[in-house]
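Welcome! Take a moment to turn the model around on your screen, and then read on for a short guided tour.

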Amino acid sequence: MTSIPTYTVDTQDLVSQYATLSSIYASATEALLTVSKKYETVSLLRQLDMLSVSEEYLNNEYIYATATESSVRASAASVIAEATAYFQDYQDDLSVYGMTPSYGGNMALAIVMEFAGYVGRTVSAKDPVLVDPFLDQIISLTLAPAFIMGGIYYMLAKLCSIFGEGHSKLKPMSYAKIFIICDLVSIIIQAVGGGMAASAAANYENADTGTHIMVAGLAFQVASMTLFLYFWFDMCYSIYKVYRTSENPDDEFNDEFKDIRQRPMFNTFPVAITLSTLFVYVRCIYRVAELSEGWRGHLITEEIYFLILDSLMMCLAIVIMLIYFPGFVFGKDSHIPVKGFRLSRKKKEETPQPDGDKLLTDNNEQSATDKDSV
């Protein structure tokens, strides 16, 4: 028979930590009855949720350290793993600025690439035969829109959770996964085509093959954005019908995020996403038409088209999404999970204040004492 591995832990320290968490939980519960501001309520609810999961974690860590039956220890280990995943999801979803790291990173990369691309284009205008500035502006200005759209895709996943999955044809994270993969495929195709075109140009050879591959990559990006717009407008129409036909629209949506839907900037946030997406969409269509004519076509040699249909479109898209930054729209204290992970809990009647002898009444009973998510 396989022996159970030893688990070294200071059980008295666990007892002390558990008692401290229980005391904080009780204080937060009392404070919840006195607050009047919505953001304070949301913050306290999040704190209570985290405290409850933390207590579960410590409770099952104690069980794992002291139990002798393999099944009990396995059950406790499973809850510990779930709690650990919850903490990781919680940290990944928020930062000190109240934003999702993926969104902030995408916007920062998009802005840096746009700036680098315009620098390369300015240098190329002075000396068109230089290869490096040419590659700089082609690569940077090609990649930037994909990062902006990556952030927007993730925002759609957030909105699905806020309004409820019943108003969307896909699961929240499906949008981010499907369309980010599409953007990656588009980027790879464009990178291959751009590399071939640049290499051919440097060797004074025909660059048509590379150019055609680049056009195919851009066309694929336009097609994926068209599909995204279909899903986006479908969800917007579903939400619009609720507001138009229901006397109490909020009753039809996810009640967990009612406070977020009542924030001042939230009502116009879908409009901001629509406009930003359409601006990037126009830019991508322009690039398809531009490169379809080749490197000496009318669109690519007339700067006014580039300034309006590329530079202006990207500038407007970035400015709008900076104004409607998630931390401003949802609130810095908001927590909008898109994976739907929650530890299941039974209804909690009262908060126990355990001591060293009563942390667990029976180590060989069920591995987790569930708590209600307040």
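How much area does the protein expose, and what share of it do carbon and sulfur atoms supply? The protein exposes about 19200 Å², and carbon and sulfur atoms supply 60% of that area. Please keep in mind that this is a predicted model.

**The overall picture**

The secondary structure comes to 12 helices and 0 strands. Following the sequence from start to end, you read the pattern α-α-α-α-α-α-α-α-α-α-α-α. The protein has 374 residues, and buried residues make up 46% of them. Among contacts with a separation of 6 or more, 78% are accounted for by residues 24 or more positions apart.

**Helix α5 and its partners**

A good place to look is helix α5, which covers residues 131-163. The table sets out how α5 packs with three other helices.

| Partner of α5 | Residues of partner | Angle between axes | Axes |
|---|---|---|---|
| α7 | 208-245 | roughly 25° | within 12 Å |
| α9 | 269-292 | about 150° | 11 Å apart |
| α11 | 303-323 | about 30° | 11 Å apart |

Let us begin with α7. The axes of α5 and α7 cross at roughly 25°, so α5 is roughly parallel to α7. Their crossing is left-handed. On the α5 side, the contact includes Ile-138, Thr-142, Pro-145, Met-149, Tyr-153 and Phe-163. On the α7 side, you can look for residues including Met-214, Gln-221, Phe-228, Trp-232 and Tyr-243. By class, this contact has 17 nonpolar, 2 polar and no charged residues.

Next comes α9. Is α5 roughly parallel or roughly antiparallel to α9? The angle between them is about 150°, and that makes α5 roughly antiparallel to α9. The crossing of α5 and α9 is left-handed. From α5, the residues that make the contact include Ile-138, Leu-141, Thr-142, Met-155 and Leu-159. From α9 they include Phe-269, Ser-276, Thr-277, Arg-283 and Arg-287. The residues of this contact divide into 11 nonpolar, 3 polar and 2 charged.

The third partner is α11. The two helices pack at an angle of about 30°, so α5 is roughly parallel to α11. Here α5 passes α11 in a left-handed crossing. Leu-141, Ala-144, Pro-145, Ile-148 and Ile-152 in α5 meet Phe-306, Met-314, Ile-318 and Met-321 in α11. This contact divides into 9 nonpolar, no polar and no charged residues.

You may have noticed some repeated names. Pro-145 and Ile-152 of α5 take part in the contact with α7, in the contact with α9 and in the contact with α11.

**A closer look at one residue**

To finish, find Gln-137, which sits in helix α5. Is Gln-137 buried or exposed? Gln-137 has a relative accessible area of 8%; residues under 20% count as buried, so Gln-137 is buried. Leaving aside neighbours within four places in sequence, Gln-137 is in contact with Gly-117, Gly-120, Arg-121, Ser-124 and Thr-142. One of these, Thr-142, also belongs to the contact of α5 with α7 and to the contact of α5 with α9. You can also pick out Glu-114: Gln-137 and Glu-114 are 23 residues apart in sequence, and their C-alpha atoms are 8.5 Å apart in space.

How values were computed
Residues are numbered from 1 along each chain as its sequence is written. This is a predicted model: local features need pLDDT of at least 70, side-chain atom pairs count only at pLDDT 80 or more; totals for chains, interfaces and linings use all residues. Side-chain values use heavy atoms; hydrogens and water are left out. Axes are lines fitted to C-alpha atoms, for helices over the stretch in contact, and angles run from 0 to 180 degrees between N-to-C directions. Helices (H or I, at least four residues) and strands (E, at least two) are DSSP runs, numbered from the N terminus. Angles under 35 degrees count as roughly parallel, over 145 as roughly antiparallel, 65 to 115 as roughly perpendicular and the rest as oblique. A crossing is left-handed if the near helix is turned anticlockwise from the far one by less than a right angle, and right-handed if clockwise. Contact means heavy atoms within 4.5 Å. Ala, Val, Leu, Ile, Met, Phe, Trp, Tyr, Cys and Pro count as nonpolar, Asp, Glu, Lys and Arg as charged, and the others, Gly among them, as polar. Buried means under 20% relative accessible area, exposed over 50%, partly exposed in between (1.4 Å probe, protein chains only). Accessible areas come from the Shrake-Rupley method with a 1.4 Å probe; for residues, only the protein chains shown count as cover.
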